[in-house]
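Subject: Structure for you to look at

Hello,

Here is the structure I promised to pass on. Please open it and keep it in view while you read.

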Amino acid sequence: MELVERRLDLAEGEEVLFEFNHVVLTNLRLMADWSNGRAKSVVSVKDIDGVRRLDGGQESRLGSGIKILGV
């Protein structure tokens, strides 16, 4: 695993909750896309409205197949 040099300027009361590769999550911000020790992409946690699952697979055709077989 590559060691990434980062400069974290944490606000008062801000704590690092999760840190892995090129992502740092604090109780206030999500930081990513690090370059020269600074995060180029920073999002406030309160601006994140939810999480959704991304499924890259194909949609099942089982239901359609059963309907056609029944006809």
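Below is what was found in it, from the whole chain down to single residues.

Please remember that this is a predicted model.

**The whole chain**

Start with the secondary structure. The chain has 1 helix and 4 strands. Along the sequence, the order is β-β-β-β-α. So look for the strands before you look for the helix, because the pattern puts α at its end.

Next, consider the overall shape. The radius of gyration of the chain is 21 Å, while a compact globule of 71 residues would have one near 11 Å. Along the principal axes, the C-alpha atoms fill a box of roughly 65 × 30 × 20 Å.

How much of the chain is buried? Of its 71 residues, 11% count as buried. The accessible surface comes to about 6,500 Å². Carbon and sulfur atoms make up 53% of that surface.

Contacts across the sequence come next. Take the contacts with a separation of 6 or more. Residues 24 or more positions apart account for 11% of them.

The charges are quickly told. The chain has 10 positive and 12 negative charges. Their mean positions lie 8 Å apart.

**Two salt bridges**

How many salt bridges does the count give? It comes to 2.

One of them joins the side chains of R38 and D9, at 2.9 Å from N to O. R38 lies in strand β4, and D9 lies in the segment before β1 (16-20). The pair therefore ties together parts that are 29 residues apart in sequence. R38 counts as partly exposed, because its relative accessibility is 40%. D9 is exposed, with a relative accessible area of 52%. The cut-off for exposed is over 50%.

The side chains of E14 and R29 also meet in a salt bridge, again with 2.9 Å from N to O. E14 lies in the segment before β1, and R29 lies in strand β3 (residues 29-35). This pair ties together parts that are 15 residues apart in sequence. Is E14 buried or exposed? E14 counts as buried, because its relative accessibility is 8%. The cut-off for buried is under 20%. R29 has 23% relative accessibility, so R29 counts as partly exposed.

**Two backbone angles to check**

Which value does phi of D33 take? Phi of D33 is near 60 degrees, a positive value in a residue other than glycine. D33 lies in strand β3. Its relative accessible area is 40%, so D33 is partly exposed.

N36 has a positive phi too, near 55 degrees, and is likewise a residue other than glycine. Find N36 in the loop between β3 and β4. N36 counts as exposed, because its relative accessibility is 69%.

**Three residues and their contacts**

For the contacts below, neighbours within four places in sequence are left aside.

Begin with L28. L28 lies in the loop between β2 (23-26) and β3. At 38% relative accessibility, L28 is partly exposed. L28 is in contact with A11, E14, V43, S44 and V45. One of these, E14, is the buried residue in the salt bridge with R29. L28 and R53 are 25 residues apart in sequence, and their C-alpha atoms are 23 Å apart in space.

Now go to V45. V45 sits in the loop between β4 and α1 (62-70). V45 counts as partly exposed, with 31% relative accessibility. V45 touches L25, T26, N27, L28, R29 and L30. Where is R29 relative to V45? The two are 16 residues apart along the chain, but their C-alpha atoms are separated by 5.0 Å.

Last comes V42. V42 is in strand β4 (residues 38-44). V42 has 44% relative accessibility, so V42 counts as partly exposed. V42 is in contact with R29, L30 and M31. Try S64 as well. V42 and S64 are 22 residues apart along the chain, and 44 Å separates their C-alpha atoms.

**Where to look again**

R29 is a good residue to return to. R29 shares a salt bridge with E14. V42 is in contact with R29. V45 touches R29 too. Turn the model until you can see these residues together.

Best wishes

Definitions and conventions. Residues numbered from 1 in each chain as written. Predicted model: local features only at pLDDT ≥ 70, side-chain atom pairs only at ≥ 80, totals over all residues. Heavy atoms only, no water. Helix = DSSP H or I, 4+ residues; strand = E, 2+ residues; numbered from the N terminus. Rg over C-alpha atoms; globule rule 2.2 N^0.38 Å. Buried < 20%, exposed > 50% of the residue type's maximum accessible area, 1.4 Å probe, protein only. Contact = heavy atoms within 4.5 Å. Areas by Shrake-Rupley, 256 points an atom, 1.4 Å probe, with all protein chains shown as cover. Lys, Arg positive; Asp, Glu negative; His and termini not counted. Charge placed at Lys NZ, Arg CZ, Asp CG, Glu CD. Salt bridge = Lys/Arg side-chain N within 4 Å of Asp/Glu carboxyl O.
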